[in-house]
Amino acid sequence: MKKLLILSGKGGTGKTTTAATFIKFAQAKAFADCDVDAPNLHLITNLQSSPTISDYYGSKKAFINQEKCIGCKTCLKTCKFEAISYTKEKCLINEYICEGCSVCTLVCPTQAISMQKDIAGHLSLFKDTSVFSSAELKMGRGNSGMLVTEVKTAMFHNAPTTELAIVDGSPGIGCPVIASISGMDLILIVTEPTSSGLSDLKRIVKTASNLNVPIAVCINKYDISLDIADKISIYCQNESIPLVGKIPFDKHAVYAINNNINLADLDCPAQKALYNTFLKVIQLITKIY
Amino acid sequence: MKIAILSGKGGTGKTFVATNLAVTAQNATYIDCDVEEPNGRLFLKPQKCTHTKIFTELPEFNAEKCNGCRQCVDFCEFNALAFIKNKPLVFADVCHSCNGCELICKQQAVTKKQKEIGIVEQGYYKNVKVVTGILNIGEISGVPIIKEALKRSSADNNLTIIDCPPGSSCSVMETVMSADCCIMVIEPTIFGFHNFKMVYKLVKLLQKPCFAIINKADKKFLPLEYFCQENKLQIISQIPYNKNLATLLANSKIVCEVDDSYKKYFDAILKVIKAEVNL
């Protein structure tokens, strides 16, 4: 199986639209949404079957038995995350700050604190003619990297013989992004010609290069600023990164999203440019190995 | 007053709104908490910058004192310690710096070393204090940087504008908790609407006053407007999109300074917030 991951660094450059279009072009039988913080791919894949939903357990959370608590504040002073507050002569855990280290259970003189399982999100697996794996992290929860790994694992396990798998990633360069990169054959970075887009592109390129996964870049809405689009081309040249596409700004893209149409099915300039980009990506990913 | 600028989805215009609000308000503080991809500094180009390195603590093990009892390895909830050749070894990427291994070690074999994970940059653009958290590449979590950046909020009555990360996870939670009110910058698409609802839940849970700005508001997206009506979420501005604005933003211009027609949007937003939130 060849695994393509779509990233961007900056948010809102067109990752999900690109992913959905590529899935249609490739008739991909396996795909996943690793943007567990703000998943959107399920909104445009139009899968008819209902998914199998399973709970995702993140870090445990500490709970203080209020009857046993003597209000000595030892836990409060030891907690490195400032997750414990003191009101009405009792200590109380803020579940949104608690990272589940269980140090408080170690120091509590009255054994008032226990660690409890916490559902930090849920996984969805669609399985009919194709396999689609996604997840949603419960608001305010951490450990999104672990959930991302589970999303990918669920896809691989359920579609082991598929030729091409397409994975939609999240913005940024932190925990969920790093977790999404491992095991991929190629990363397509969708950038935009703005100074923010270029700055974020450089940060995500460095992040991915450190993890030794090959990269290609495409510029979405390239005609918003031809100057900065040129700067991106030059940057890619200097870094020996293949520039596989320039997609024009096209109002059809927003129209397609809001009318539940896959951009791949709409005859428009952005669709044509995306198709050419897709062919180049396929060429690249089949050349690897 | 501290205002958090949120969106859920990336690229809806958080930094655009946050930087322009900071410039429109006098003597404001702008704090960029999107430490993975901080871009406000590209627009505000702060001068006279100082840089503070941000560290987390990692455990170090004294091989002579360690008797190989494994208690630290068994205690670690994050599986950040492995027992190799009868000694504990730390995986820096998964260590949460909770200090548990040091507390549980009866031999006092654990000490700490500092690991740099990023910086907080502070400078000025005219009368705006510009604070930026920047995560080092390859680091997993920027929460300690966000915490330090948030400490630089205005102590006086001046406005602090917090530019938040996208999503709705722990780092967003951190910024919302510190704010007095929130502005959601929403893109009127199915994507923007879906992710906005996720972060809106978080804001409601924390019981913060909240306002909506619809950005790139060319066409009405009725589900969003119905949602706002039903939830009594006030839409305080609808900012249209055009090629001129796109070009200004692409070249990191502060739009309210070069185009008066945009300045009035930000004046109006500030006026509403000051009237509605009594602090």
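Colleague: Which residues of chain B are linked by ring pairs into a cluster?

Modeller: This is a predicted model, and in it aromatic pairs number 15 over all chains. Ring pairs link some of these aromatic residues of chain B into a cluster, and its members are B:F193, B:F196, B:Y200, B:F221 and B:F227.

Colleague: How is the pair of B:F196 and B:F227 arranged, stacked or edge-to-face?

Modeller: The ring centres of B:F196 and B:F227 lie 5.5 Å apart, and their planes make an angle of 85°. Planes over 60 degrees apart count as edge-to-face, so the pair of B:F196 and B:F227 is edge-to-face.

Colleague: How many residues apart in sequence are the parts that this pair ties together?

Modeller: B:F196 belongs to helix α7 (residues 190-205) of chain B, while B:F227 belongs to helix α8 (residues 222-230) of chain B. Both B:F196 and B:F227 are buried. Because the two rings sit in these two helices, the pair ties together parts whose separation in sequence is 31 residues.

Colleague: Which residue has its charged end over the ring of B:F193?

Modeller: B:F193 is one of the residues in the cluster of chain B. A charged end sits over the ring of B:F193 at 4.2 Å from its centre, and that end belongs to B:K197.

Colleague: In chain A, in what order do the nine strands of the open sheet stand?

Modeller: The pairing in this sheet is mixed, and neighbouring strands are turned by 20° against each other on average, direction ignored. Its edge strands are β3 (52-57) and β13 (243-247) of chain A, each of which pairs on one side only. Read from one edge to the other, the order is β3-β8-β9-β2-β10-β1-β11-β12-β13.

Colleague: Which helix of chain A packs on the sheet?

Modeller: The helix touches β11 (186-191), β12 (215-220) and β13 of chain A, and its direction makes about 175° with that of β12(A). It spans residues 226-238 of chain A, and its name is α8.

Colleague: Over how many bridges do β8(A) and β9(A) pair?

Modeller: A hairpin joins β8(A) to β9(A) through three residues. On its other side, β8(A), which covers residues 119-127, pairs with β3(A) in the antiparallel sense over six bridges, and A:Y56 has A:G121 as its bridge partner there. The pairing of β8(A) with β9(A) is also antiparallel, and its number of bridges is seven.

Colleague: What is the angle between the planes of A:F126 and A:F132?

Modeller: A:F126 stands opposite A:F132, which is in β9(A). Both residues are buried, with a relative accessible area of 12% for A:F126 and 0% for A:F132. Their rings form a stacked pair at 5.5 Å centre to centre, and the angle between the planes is 25°.

Colleague: How many of the seven residues of strand β9 of chain A are buried?

Modeller: Strand β9, residues 131-137 of chain A, pairs in the parallel sense over four bridges with strand β2, residues 30-33, where A:A30 has A:V131 as its bridge partner. Strand β9 is mostly covered, and the number of its buried residues is six.

Colleague: Which three residues supply 13% of the area that chain A buries against chain B?

Modeller: The contact takes 61 residues from chain A and 56 residues from chain B. The area buried between the two chains is about 4,700 Å², of which carbon and sulfur atoms give 61%. On the side of chain A, the three residues that supply more than any other three are A:K80, A:M139 and A:R203.

Methods: Residues numbered from 1 in each chain as written. Chains lettered and ligands numbered in written order. Predicted model: local features only at pLDDT ≥ 70, side-chain atom pairs only at ≥ 80, totals over all residues. Heavy atoms only, no water. Pairing = 2+ DSSP bridges. Axes fitted to C-alpha atoms, helices over the stretch in contact; angles between N-to-C directions. Contact = heavy atoms within 4.5 Å. Phe/Tyr/Trp six-rings, centres within 6.5 Å; stacked < 30°, edge-to-face > 60°. Buried < 20%, exposed > 50% of the residue type's maximum accessible area, 1.4 Å probe, protein only. Lys NZ or Arg CZ within 6 Å of the ring centre and 35° of its normal. Buried area = accessible area lost by both parts, 1.4 Å probe.
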